[in-house]
Amino acid sequence: MKANKVLSAAMIGHGVESYDFVVYGASATIIAKHFFPAGNPALAVLSALAVYGLAFVVRPLGAAIFGSIGDRLGRRTALSAVVLIMAVSTAAIAVLPGYGSVGVLAPILLLCCRLAQGISMGAEYTSAASYVMEQAPPQRRGLWLSAVGSATYVGSALASFALLGLRSISLPAYESWSWRLAFLAGGLMALVGLYMRLRLDETPAFRELKSSKDTAARPIRDTFRDWRVFLLLFTLFALLAVVVHNLLGYLPTYLATTGRVRGDTVLVAGGLALLLCAALCVPAGMLADRIGRKPLLIAGVAVAVAGSVPAYLLARGGTLATTLATEVLLVVPAALVTVGSTVVAVELVSARIRATSTALAYNVAYAIFGGTAPLLGALLTGWFGRLAPGGYISALAVIALVVVVVALPETLARARADEPALQKTR
């Protein structure tokens, strides 16, 4: 019962975060028509993708604010605050007026909503991971945390199928107004997440820190004092950001424009591939508990090195089979790196600054590499050709592989050492 309560509350918030990003990324061409001038369609799409990216710019700010709240006031408080902001800002996009009604105010309001989402997302994933890690049995941390990682892809698949359903009911209505229902649904799901999180208990690790008056007074300062750990985590999360946000944010647009794949085919293939990714997270978590975090990461990064260029090579096939193959070549490293990097991050950092340190490393990496992935992917395609986005992923993966092999410690032994200590406190 405890596992169900903890994992479901942690998963729903992050699931909504991913749901929103896929809804926005897959609807970028429609959002461009509604919120930007109609004279230059290509510029409008680039503007919509730029707004997607700008939401990432403020994520480090959200990480600093809500990560500090998590380390000073409690993990539960931070989790509840971020999902409330997410609910309001996501639902607000559903009712924003378009460019034809209010002119330049339309993209400004859209940007404001995206910035609010970015701030709330600044500590969502890592706060959820910290909370779960501190509740999980040490010998099953990989498995428990794989559930949090899988929420990324469950939420993303749900978004794909929600858009597919709206398109199937009426394509003209979808392009005119029913796309807004997808954002409204995301806001309502976030409110459910808020209710579930308000019913959670604080973690034993934070309660112990609070009772001993050992909570961090300046968690941001302490984070950067341990700069080596910060850089290690930054490298892992940078690769994860590029892979995930090529998969979620840029690939749907690339397939529809450069690949000339039908919109329905893109959504079906994307939804199926993301469900596969969610399913892969679970055995990845079990492997992390059995063989270690580092081997799992090496395998995931190696697949990113070898498979990214072939993925974009297949992307112009135009069929459901080739589109699925494209997605799968990015899905496998996404699942392995998601689980491996998450477990390593929360185990490598001290409990005193766990929420702040992991949130800052994650969101600085995502601000630089995740938010720019769709826009940079579009620019690289225009400058260097259709395989350039895959080459970009492979190049970053080579750097990450060297760092993982040479500098990253294995944290599985720490989990096994924590089990006897935890038993004594029960």
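This short talk goes through the confidence, the core, the salt bridges and two smaller regions of one predicted model.

Good morning. I begin with confidence, as the structure is a prediction. The average pLDDT for the protein is 86, and 97% of the residues score at least 70. One stretch calls for caution. Over residues 420-426 the pLDDT stays under 50, and the model shows two contacts beyond four places in sequence for that stretch.

Let us turn to the interior. In soluble globular proteins, nonpolar side chains tend to be buried together. In this model, the largest nonpolar core contains 128 residues, and Leu110 and Leu233 are those with the most contacts inside it. Which helix gives the most to this core? That is helix 13, spanning residues 227-257, which supplies 20 residues. As for Leu233, which residues does it contact once its neighbours within four places in sequence are left aside? They are Val344, Ala345, Leu348, Val349 and Ala361.

My next topic is charge. Side chains of opposite charge can pair when their charged atoms come close. How many salt bridges does a search of the whole structure find? The search finds 13. I shall describe three examples.

The first example pairs Asp20 with Arg114, with a distance of 2.9 Å from N to O. This salt bridge links distant parts of the chain, since Asp20 belongs to helix 1 (residues 2-26) and Arg114 to helix 7 (residues 105-121), 94 residues apart. Are these two side chains buried or exposed? Buried means under 20% relative accessible area. Asp20, at 1%, therefore counts as buried, and Arg114, at 0%, therefore counts as buried as well.

The second example joins Arg293 and Glu347, whose side chains meet at 2.6 Å, N to O. Why does this pair tie together separate parts of the chain? Because Arg293 lies in helix 15 (residues 293-314) while Glu347 lies in helix 16 (residues 320-348), the pair connects parts that are 54 residues apart in sequence. Arg293 is buried, with a relative accessible area of 0%, and Glu347 is buried at 6%. Elsewhere, salt bridges with shared partners join Asp214, Arg221, Asp222, Arg225 and Arg352 into one network.

The third example comes from that network. Arg225 forms a salt bridge with Asp222, and their closest N and O atoms are 4.0 Å apart. Both residues lie in helix 12 (residues 219-225), three residues apart, which is about one turn of the helix. An α-helix has 3.6 residues a turn, so residues three or four places apart point the same way. The two partners fall on opposite sides of the burial scale: Arg225 counts as exposed at 57% relative accessibility, whereas Asp222 is buried at 12%.

Finally, I come to helix 2 and to a residue in contact with it. Helix 2 covers residues 28-35 and is mostly covered, with six of its eight residues buried. The buried ones are Ala28, Ile30, Ile31, Ala32, His34 and Phe35. Phe35 is also among the residues that Ala106 touches; the others are Pro97, Gly98 and Tyr99, not counting residues up to four places away in sequence. Ala106 lies in helix 7, and at 0% relative accessibility Ala106 counts as buried. How far apart in space are Ala106 and Phe36, C-alpha to C-alpha? They are 7.6 Å apart, although 70 residues separate them in sequence.

Thank you for your attention.

Conventions: Residues numbered from 1 in each chain as written. Predicted model: local features only at pLDDT ≥ 70, side-chain atom pairs only at ≥ 80, totals over all residues. Heavy atoms only, no water. Core = buried A, V, L, I, M, F, W, Y, C linked by side-chain atoms within 4.5 Å. Buried < 20%, exposed > 50% of the residue type's maximum accessible area, 1.4 Å probe, protein only. Helix = DSSP H or I, 4+ residues; strand = E, 2+ residues; numbered from the N terminus. Contact = heavy atoms within 4.5 Å. pLDDT = per-residue confidence, 0-100.
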